[in-house]
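Let's take a friendly walk through this model together. Keep the sequence and the 3D view side by side as you read.

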Amino acid sequence: MSYYRASESKREQFRRYLEKAGVLDSLTNVLVALYEETEKPNNALDFLKHHLGVAGVETADAEALRLGLSELQQKCELLMEENKELRKRVLQYEPAPEDGAAE
């Protein structure tokens, strides 16, 4: 019987923790919204993620980061080519260093 009480005590502590953190209220609100949907979504888990703010934010952030990375990679390639061309031009106008010459 003491095992049962310890288990109940841990459950009660965990329940209070979830309640204090606002998890229970959030879940309840999302589940009520799902219940009140006239047309039930095909994927209830995606509905929950969307309404809890999990899925959309990460996807949008990840897509924005991917786009930014792609743009920066293209810019880097262009700058490397420009740098290469400018180095060639500089070498045309600068005299070649002579071996053994004192400056």
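Is arginine 16 buried, partly exposed or exposed? Arginine 16 is partly exposed, because its relative accessible area is 45%, and the partly exposed class lies between the cut-offs of 20% and 50%. Please keep in mind from the start that you are looking at a predicted model.

With that residue located, step back to the whole chain. It has four helices and zero strands, so if you label the elements as DSSP runs from the N terminus, you read the pattern α-α-α-α along the sequence. The chain has 103 residues, and 4% of them count as buried. About 10000 Å² is exposed by the chain, with carbon and sulfur atoms supplying 56% of that area.

Now return to helix α1, which covers residues 2–21. Side chains of opposite charge can pair when their charged atoms come close. The structure holds four salt bridges, and arginine 16 takes part in one of them, with glutamate 12 as its partner. The closest N and O atoms of glutamate 12 and arginine 16 are 4.0 Å apart. Both residues belong to helix α1, where a spacing of four residues amounts to about one turn. Glutamate 12 counts as partly exposed, because its relative accessibility is 31%.

Another salt bridge in helix α1 links arginine 15 to glutamate 19, with 2.6 Å from N to O. Here too the two residues are four apart, about one turn of the helix. Arginine 15 is partly exposed, since its relative accessible area is 35%. Glutamate 19 is also partly exposed, at 47%.

Further along the chain, look at helix α4, residues 55–93. Glutamate 63 and arginine 66 form a salt bridge there, and their closest N and O atoms are 3.1 Å apart. The two are three residues apart in helix α4, so about one helical turn separates them. Glutamate 63 counts as partly exposed because its relative accessibility is 47%. Back in the other group, salt bridges that share partners join Glu12, Arg15, Arg16 and Glu19 into one network.

Next come the rings. How many aromatic pairs does a search of the whole structure find? The search finds one. The pair consists of phenylalanine 14 and tyrosine 17, whose ring centres are 6.1 Å apart and whose planes make an angle of 35°. The pair counts as tilted, because that class holds angles that are neither under 30 degrees nor over 60. Phenylalanine 14 and tyrosine 17 both sit in helix α1, three residues apart, which is about one turn. Both residues are exposed.

A ring can also have a charge as its neighbour. The charged end of lysine 40 sits over the ring of tyrosine 35, at 5.7 Å from the ring's centre.

Finally, turn to the surface. Val23, Leu27, Leu31 and Leu52 form a nonpolar patch there, and together they have about 310 Å² of accessible area. Helix α2, residues 23–36, contributes the largest share of the patch, with three residues. Valine 23 is found in this helix. Why can valine 23 be a member of the patch? Its relative accessible area is 32%, and patch residues need over 30%, so valine 23 passes that cut-off.

Technical notes:
Residues are numbered from 1 along each chain as its sequence is written. This is a predicted model: local features need pLDDT of at least 70, side-chain atom pairs count only at pLDDT 80 or more; totals for chains, interfaces and linings use all residues. Side-chain values use heavy atoms; hydrogens and water are left out. Patches are made of residues with over 30% relative accessible area and no salt bridge: like charges are joined within 9 Å, nonpolar side chains (Val, Leu, Ile, Met, Phe, Trp, Tyr) within 5 Å. Accessible areas come from the Shrake-Rupley method with a 1.4 Å probe; for residues, only the protein chains shown count as cover. A salt bridge is a side-chain nitrogen of Lys or Arg within 4 Å of a carboxyl oxygen of Asp or Glu. Buried means under 20% relative accessible area, exposed over 50%, partly exposed in between (1.4 Å probe, protein chains only). Rings of Phe, Tyr and Trp (its six-membered ring) pair if their centres lie within 6.5 Å; planes under 30 degrees apart count as stacked, over 60 as edge-to-face and the rest as tilted. A charge sits over a ring if NZ of Lys or CZ of Arg is within 6 Å of the ring centre and within 35 degrees of the ring normal.
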